[in-house]
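Me: Mind walking me through the voids in this one? I'd like the reasoning behind each label as well as the label.

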Amino acid sequence: MLERFELEAFLTLSEELHFSRTAARLQVTPGRISQTIKGIERRVGSPLFERTSRRVALTDLGQRLRDDLLPGYQQMQTAIETATALGRGLHGGLRVGFTAAWSGQLIVRATDRFHAHHPECAVELRELTYGPAMAALCTGDIDLMLAETGLTEGRADFSTGPTVFSRPRVLAVPAVHPLARRAEVTVEDLATAPLIIAGVSEAVLDVHFPRRTPSGRPIQRGPVAAGWQEMLSLIGAGKGVTPTCDWAADYYSRPDVAFVPFADAEPVDQALIWPTARETVAIRIFARFVTEAANA
């Protein structure tokens with residue numbers, strides 16, 4: 001069993017790969033770091049670091065030990081940080097974004113629960129259209145956002161919470177379109193009408209608005225919509241179709257738009273996302289309340 005200082009010395013040195021910088025971070029002498037690491041290596045029975053006059057590097061065993069220890073250490077640090085914050089009480093505020101009515105309803109329920117436990121931490125809700133929502137998250141104008149999973153796919157600078165709901169995917173089509181008379185559609189049917197897309201980055205578009213069907217047929221890109229009302233108006237006017245979740249039929253019902261279930265499309269999943277570097281105890285706790293509200 002490693003003592004806490006031994007654990008911190010090993011993990012910090014594995015990150016810094018420099019004894020003096022490690023000592024400075026832990027506010028001790030380089031000699032103490034060296035003695036501590038040697039003590040761990042004696043206990044393990046093999047070197048954890050390769051040391052020369054020019055460099056320090058992890059051995060294979062050291063890398064394995066680091067990979068095994070780091071998740072548990074981070075979880076311990078998070079638990080201590082959370083307990084400390086809760087003991088002192090959460091203060092300040094959170095700015096939470098959402099892009100669809102059903103997301104907003106869930107956020108409101110979670111906010112009520114959160115505020116009952118942490119009345120000193122104010123929560124500001126912001127309904128945003130697609131592109132501005134991601135921009136606000138990147139610039140820090142909002143702290144976190146409930147949105148479809150995949151928006152930050154491949155980006156290590158964002159964290160994604162657990163999926164808070166998963167809903168069947170439907171196709172929103174003009175009420176007079178032949179697809180509106182179908183009991184269900186397939187992804188192949190996307191090749192039969194222009195696809196109205198959200199005003200977001202190309203990377204996000206490629207995740208949620210495919211360019212080709214599974215068989216390789218091209219999907220025509222139609223007009224770009226800034227938000228829900230504009231998208232529905234374009235669909236109702238016969239300018240194209242767009243995929244969404246089945247809740248859209250309840251929250252955005254209108255006579256000129258029909259919502260037809262997909263027979264073969266993946267469901268729509270939504271989760272909270274936030275910039276990893278700006279993660280706080282308040283964000284983690286609010287995310288837990290959102291998950292609880294979704295499961296209630």
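Me: What makes the lining of the second largest pocket divide into four nonpolar, four polar and four charged residues?

Reply: Keep in mind that this is a predicted model. The lining consists of Glu8, Leu11, Thr12, Ser14, Glu15, Arg25, Leu26, Arg66, Leu70, Tyr73, Gln74 and Gln77. Leu and Tyr count as nonpolar, Glu and Arg as charged, and Thr, Ser and Gln fall among the others, so they go down as polar. That gives four of each class.

Me: Which elements give two or more residues to that lining?

Reply: Three helices do: α1 (4-16), α2 (19-26) and α4 (60-88). The space in this second largest pocket comes to about 250 Å³.

Me: And what is the volume of the largest pocket?

Reply: About 300 Å³. It has 15 lining residues, and Arg169, Val207, His208, Glu266 and Pro267 are the closest to its centre. At least two lining residues come from α7 (202-208), and at least two from β12 (268-275).

Me: How does the lining of the largest pocket split by class?

Reply: Eight nonpolar, two polar and five charged. Among the residues closest to the centre are Arg169 and Glu266, and Arg and Glu count as charged.

Me: Why is a void called a cavity rather than a pocket?

Reply: It comes down to escape: in a cavity a 1.4 Å probe fits but cannot get out, whereas a pocket is an open set. With a cut-off of 30 Å³ or more, searching the whole structure turns up one cavity. Its space is about 340 Å³, so it passes that cut-off.

Me: What lines the largest cavity?

Reply: 23 residues, with Thr99, Tyr130, Glu148, Ala198 and Phe209 nearest the centre. Two or more residues each come from α6 (130-139), β5 (144-148), α7, α8, β10 (242-245) and β12. By class, the lining has 16 nonpolar, five polar and two charged residues.

Me: How do you know that the buried residues of α8 line one face of the helix?

Reply: Start with which ones they are: in α8 (residues 228-236), Trp228, Met231, Leu232, Leu234 and Ile235 are buried. To be called buried, a residue has to be under 20% relative accessible area. Looking down the α8 axis, you find these residues within an arc of 160 degrees, so they sit on one face. The general rule is that an α-helix has 3.6 residues a turn, so residues three or four places apart point the same way.

Me: What comes just after α8?

Reply: Gly238, with a positive phi of about 85 degrees.

How values were computed
Residues numbered from 1 in each chain as written. Predicted model: local features only at pLDDT ≥ 70, side-chain atom pairs only at ≥ 80, totals over all residues. Heavy atoms only, no water. Buried < 20%, exposed > 50% of the residue type's maximum accessible area, 1.4 Å probe, protein only. Helix = DSSP H or I, 4+ residues; strand = E, 2+ residues; numbered from the N terminus. Arc of directions from axis to C-beta. 1 Å grid on protein atoms, 1.4 Å probe; cavity = no way out; pocket = protein on both sides within 12 Å on 5 of 7 lines; lining within 4 Å. Points joined across faces, edges and corners; volume = space filled by probe spheres on them.
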